[in-house]
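Please open the model in your viewer and keep the sequence panel beside it. The tour below proceeds by selections, and at each stop it says what to look for.

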Amino acid sequence: MNLSPLPAIMLEPLVRAALLEDLGRAGDITTDAIVAKEHHATTVLSARQHGVVAGLDLAMLAFRLIDQTVEIRVERADGSEVEQGETIASVSGPARAILTAERTALNFLCHLSGIATATASIVDAIRGHKAKIVCTRKTTPGLRAVEKYAVRAGGGSNHRFGLDDAILIKDNHIAIAGGIRPAIERARGSVGHLVKIEVEVDTLAQLEEALALAPDAVLLDNMSIDELHQAVALVAGRSVTEASGRITAAIAPAVAATGIDLISIGWLTHSAPILDIGLDYREP
C-alpha cells in the first residue's frame with residue numbers, strides 16, 4: 001500500500017502533549033529508580049492478535065522525543081496485515097527512554113491500528129462492489145487527522161475533515177431553514193462554484209425533492225435495504241449516493257449490493273476496539 005506519511009510538524013505536538021501528560025511533574029520515577037542510566041535494551045513491538053498496522057510514526061516519535069538515540073527498525077509498515085506474535089518493529093537504545101515512552105507509543109499505535117483493523121474488516125466485507133467505505137467527523141477531539149489516516153491505512157477513504165470542506169445539509173439545518181429547497185438554495189447562494197453540496201434525506205419523498213435541486217451528493221440516512229435499492233434507482237447517477245446509519249460488517253455487503261457509492265461509518269473512529277500490541281524485552 002502506498003500510504004503517504006503524516007507530516008512530522010503535525011504529529012509532534014500531539015505526541016509531546018501525550019508525553020507531558022504521562023511525565024507529570026517528576027518524570028518516570030519508577031524507571032529512573034530501577035533502571036541504570038547507562039543500560040541499553042532491545043525490545044520489539046509485537047502483535048498480540050491479527051490486524052492492520054497504523055500509527056508507527058507517532059510511536060517512533062514518542063521514543064525519539066525522549067531520547068534521539070533510540071533506534072527503530074520497522075518490519076511491518078502502516079497498512080500491513082500482521083498475525084498474532086508477528087514483530088511490527090524493533091526498538092533499541094537507552095532502556096530508560098524506551099520504558100518511559102512505552103505507554104504513549106502503544107496508546108497511539110494500538111488505537112490507530114484498531115481503527116485500521118476495523119476499517120479493513122468492512123472493506124473486505126464489501127469487496128467486489130463499487131462502494132467505498134468512508135469515515136465521519138465522529139472523531140476524538142484533537143486526533144481527527146491521525147484517526148482519518150488510520151482509516152486510509154485500513155483501505156478506507158475520508159469524508160469531510162471539518163466544517164469548511166464542503167456543505168453537508170443535515171436534518172436540523174433543513175428544519176431550521178424551513179425545508180430542503182430553502183436550505184439548498186441558501187447554501188448554493190453563499191459559496192463558490194468549487195464547493196460541493198450534499199443533503200441528508202430520511203425518506204424517498206425527501207430524496208425526490210432534493211434531486212430536483214441537483215445536489216452533488218445525497219446522504220441516505222438510516223434507510224432499509226429495500227429503500228436503498230429504490231433510492232439508488234431514483235438517483236440514477238445524477239448525484240453521489242451515500243448510505244449511513246449503524247452499518248456493521250454483517251450488513252455492509254447488503255448495503256453495498258444496492259449500488260450505493262459510499263458507505264459512511266462513524267464507529268470506525270469513535271468506537272473501534274484497539275489492536276492489542278505489546279512491547280517485549282529481548283534478552284541480550
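Begin by selecting helix H5 and colouring its buried residues, which are Val146, Glu147, Lys148, Tyr149, Ala150, Val151 and Ala153. Bear in mind throughout that this is a predicted model. With seven of its ten residues buried, H5, which spans residues 144-153, is mostly covered. To see what covers H5, add helix H1 (8-23), strand E2 (51-52), helix H3 (56-66), H4 and helix H11 (267-270), against which the buried residues of H5 pack. Before leaving this helix, step just past its end to glycine 155, where phi is positive at about 95°.

Now move to strand E1, residues 40-47, which is likewise mostly covered, six of its eight residues being buried. Which strands should be displayed alongside E1? One is E5, which runs antiparallel to E1 and is joined to it by seven bridges; within this pairing, look for valine 44 and, opposite it in E5, serine 90. Another is strand E12 (residues 277-282), also antiparallel to E1, with six bridges between the two. To find a point on that side, select alanine 47, whose bridge partner in E12 is isoleucine 277.

The next selection is the interior. Which residues have the most contacts inside the largest nonpolar core? They are Leu45, Phe63, Ile169, Leu220, Ile260 and Ile263, in a core that has 84 residues. Helix H4 (residues 95-125) gives the most to this core, contributing 15 residues. As general background, nonpolar side chains in soluble globular proteins tend to be buried together. For a closer view of the packing, centre on isoleucine 263 and show its surroundings: leaving aside residues up to four places away in sequence, isoleucine 263 touches Ile126, Ala131, Lys132, Ile133, Val134, Ala243, Ile247, Ala252, Val255 and Ala256.

Turn next to the charged side chains. How many salt bridges does the structure hold? There are nine, and three of them are visited here, beginning with the one between glutamate 86 and arginine 76, whose closest N and O atoms are 3.2 Å apart. Because glutamate 86 lies in the loop between strand E4 (81-82) and strand E5 (87-94), while arginine 76 lies in the loop between strand E3 (71-74) and E4, this pair ties together parts that are ten residues apart in sequence. Glutamate 86 counts as partly exposed at 26% relative accessibility, and arginine 76 is also partly exposed, with a relative accessible area of 28%.

For the second salt bridge, select aspartate 124 and arginine 127, whose side chains meet at 2.4 Å, N to O. Aspartate 124 is partly exposed, at a relative accessible area of 43%, whereas arginine 127 counts as exposed at 59%.

The third salt bridge joins lysine 170 to glutamate 200, with 2.9 Å between the closest N and O atoms. This pair links distant parts of the chain, 30 residues apart: lysine 170 sits in the loop between strand E7 (167-169) and helix H6 (171-177), and glutamate 200 in strand E8 (residues 197-201). Are these two partners buried or exposed? Lysine 170 is partly exposed, with a relative accessible area of 31%, while glutamate 200 is buried, its relative accessible area being 5%.

Continue to two backbone positions on either side of strand E9. Alanine 214 lies in the loop between helix H8 (204-211) and strand E9 (217-221), and its phi is near 55°, a positive value in a residue other than glycine. On display as a surface, alanine 214 is exposed, with a relative accessible area of 53%. Asparagine 222, in the loop between E9 and helix H9 (225-235), likewise has a positive phi, of about 55°, although it is not a glycine. Asparagine 222 is partly exposed, at 40% relative accessible area.

Finish by selecting residues 115-280, the range that UniProt lists, in an unreviewed entry, for "domain: Quinolinate phosphoribosyl transferase C-terminal". In this model, the C-alpha atoms at the two ends of that span lie 23 Å apart, and the span is 40% helix and 17% strand.

Definitions and conventions:
Residues numbered from 1 in each chain as written. Predicted model: local features only at pLDDT ≥ 70, side-chain atom pairs only at ≥ 80, totals over all residues. Heavy atoms only, no water. Helix = DSSP H or I, 4+ residues; strand = E, 2+ residues; numbered from the N terminus. Buried < 20%, exposed > 50% of the residue type's maximum accessible area, 1.4 Å probe, protein only. UniProt positions renumbered as here; feature names shortened; annotations may be inferred. Salt bridge = Lys/Arg side-chain N within 4 Å of Asp/Glu carboxyl O. Core = buried A, V, L, I, M, F, W, Y, C linked by side-chain atoms within 4.5 Å. Contact = heavy atoms within 4.5 Å. Pairing = 2+ DSSP bridges.
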